[in-house]
Amino acid sequence: MMTMEIHDNLAVFGENECIYQCVLDDFKNAKFIGIITFNISPSTNSQLLKSLQEACLKGTDAVVITNIPKRFPSYYGHQYALAARNMIDSYMRQLNPQNYGMRLSPYFSFHNHAKIVMTDNIVYWGSSNYSDESSRNFECGTISTNKELIGFLKDSLFPEVQSKSVPYFKYNFAMAIANIEALIPACKIAREELHDAAFMPWSDYDTNFEEKWIYRTTESGLTLEFLRGFTEYFSAFDDALNVIDDIVDEYSDLDELPEKVEILRGLYEDYMRSYDSFHESISLLFEDLEEVARYDTSDEACGIIANDYGMEAFDENFDYYAEKAMTEAANKYEEIIIGSEQTVRDALDSLDSMIEYFEQLNINLHQLLEVSPEIDNTSVN
């Protein structure tokens with residue numbers, strides 16, 4: 001048994017209403033949603049599942065642990081097995097992670113009767129299931145915003161129950177797919193931003209007035225602020241596939257890995273090599289362009305006047321030497337930025353390779369998805 005003392009709770013009671021509406025209202029603010037329930041709504045128009053779906057499609061990670069009514073360890077007649085099969089099929093449709101942007105991790109606990117609905121900000125526990133039908137009953141429970149309790153539930157209780165439950169997918173890497181599907185457009189956006197910062201459209205007689213992109217030798221958008229934001233942007237994806245590594249670790253004690261786990265390990269190792277190479281190219285980009293990003297033409301011109309023309313740049317000659325210094329400073333900037341062009345092109349090529357790799361990896365991971373065979377125990381064809 002797991003116990004914990006808590007304070008500052010609110011008791012709630014109600015009939016013909018959702019008594020944990022305040023938790024649902026927080027879905028839009030949540031980074032994590034956790035639900036433990038005996039059942040869910042069978043209706044395809046379930047408002048509760050719609051709320052969960054909307055949150056997941058906006059990027060919130062969610063875990064649902066539910067029992068499946070009518071599913072039993074064994075069946076004493078075909079009609080009971082058929083009823084269980086229909087209910088299992090309904091639950092598999094309702095909780096299909098692909099309908100939730102792969103941000104939903106469903107688990108099935110066939111001995112569960114607990115009811116918890118929580119985010120990383122607020123939690124409800126009590127008698128009410130996560131089903132629209134529960135709102136028709138008289139239900140009661142407790143609401144809490146106690147951070148210690150929420151952390152305990154999220155980091156201790158949920159993992160404990162998950163470890164004793166059957167995941168929707170045999171190899172539960174749906175979250176890895178969600179991360180990859182977020183990383184692909186992120187790479188595309190980053191590539192576009194880097195390209196637009198370093199290149200500009202141009203047309204003249206030499207191009208027959210056909211617009212082409214040329215490297216910016218003046219007014220480059222490759223500022224320090226841009227480069228810092230660019231590198232920080234990708235730091236959020238450092239652990240995009242860590243869930244695959246966790247899955248492989250679960251089988252580390254075996255002399256021989258199952259075929260699909262071996263494939264997963266290969267994909268993860270390829271990912272790590274590709275991502276390390278990508279990070280290296282981005283780091284080189286930052287290092288090589290730092291001089292470009294730090295360069296200030298006006299400051300450089302002032303330095304040239306002070307160091308090279310200090311004796312000549314008197315009042316009547318100052319404008320001449322100021323213009324001369326600005327020209328020299330601008331020419332020096334152009335030389336520096338021209339020298340950085342290949343580094344930028346290498347980074348763009350690296351991003352193209354990563355996008356292509358992630359798209360192929362996404363296809364491979366989808367092909368490896370396999371529903372846990374323990375869920376359907378009815379043997380009904």
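Is threonine 66 buried or exposed? The points below start from that residue in this predicted model.

1. **Threonine 66.** Threonine 66 is buried, because its relative accessible area is 0%, and the cut-off for burial is under 20%. The residue sits in strand β3. Setting aside neighbours within four places in sequence, threonine 66 contacts Thr37, Phe38, Asn39 and Ile40. Its other partners on that count are Tyr91, Leu95, Tyr107, Phe108 and Ser109.

2. **The largest pocket.** The volume of the largest pocket is about 870 Å³. Its lining takes in 28 residues. Ser105, Tyr107, Gln162, Asn172 and Val243 are the closest to the pocket centre. Tyr107 also appears among the contacts of threonine 66. Five elements are worth colouring here: β3 (61–66), β4 (104–108), α4 (147–163), α5 (174–198) and α7 (242–250) each give two or more residues to the lining.

3. **Make-up of the lining.** Which element gives the largest share of the lining of the largest pocket? Helix α4 does, with 6 residues. By class, the lining of the largest pocket holds 13 nonpolar residues, 8 charged and 7 polar.

4. **Glutamine 94.** This residue belongs to helix α3, which covers residues 78–94. Its relative accessibility is 10%, so glutamine 94 counts as buried. A polar atom of its side chain lies 3.4 Å from the backbone oxygen of proline 42. Proline 42 is also in the contact list of glutamine 94, together with Ile40, Ser41, Ser43, Thr44, Leu49 and Tyr100; residues up to four places away in sequence are not counted. Ile40 turns up in the contacts of threonine 66 as well.

5. **Two positive phi values.** Most residues other than glycine have a negative phi. Methionine 102 has a positive phi, near 60°. Serine 379 is not a glycine either, and its phi is positive at about 60°.

6. **Where those two residues sit.** Methionine 102 is in the loop between α3 and β4. With 2% relative accessibility, methionine 102 counts as buried. Serine 379 lies in the segment after α11 (341–368). Its relative accessible area is 70%, so serine 379 is exposed.

7. **Overall form.** The chain has 11 helices and 10 strands. Its radius of gyration is 29 Å, whereas a compact globule of 381 residues would come near 21 Å. The C-alpha trace spans about 105 × 50 × 45 Å along the principal axes.

8. **Burial and contacts across the chain.** What share of the 381 residues counts as buried? The figure is 46%. Among contacts with a separation of 6 or more, 81% join residues 24 or more positions apart.

9. **Alanine 306 and asparagine 16.** Alanine 306 is in helix α9, residues 297–308. The relative accessibility of alanine 306 is 56%, so the residue counts as exposed. How many ångströms separate its C-alpha atom from that of asparagine 16? The separation is 81 Å, for residues 290 apart along the chain.

Note on methods: Residues numbered from 1 in each chain as written. Predicted model: local features only at pLDDT ≥ 70, side-chain atom pairs only at ≥ 80, totals over all residues. Heavy atoms only, no water. 1 Å grid on protein atoms, 1.4 Å probe; cavity = no way out; pocket = protein on both sides within 12 Å on 5 of 7 lines; lining within 4 Å. Points joined across faces, edges and corners; volume = space filled by probe spheres on them. Helix = DSSP H or I, 4+ residues; strand = E, 2+ residues; numbered from the N terminus. Nonpolar A, V, L, I, M, F, W, Y, C, P; charged D, E, K, R; others polar. Buried < 20%, exposed > 50% of the residue type's maximum accessible area, 1.4 Å probe, protein only. Polar contact = N/O pair within 3.5 Å; in protein donor to acceptor, adjacent residues only side chain to side chain. Contact = heavy atoms within 4.5 Å. Rg over C-alpha atoms; globule rule 2.2 N^0.38 Å.
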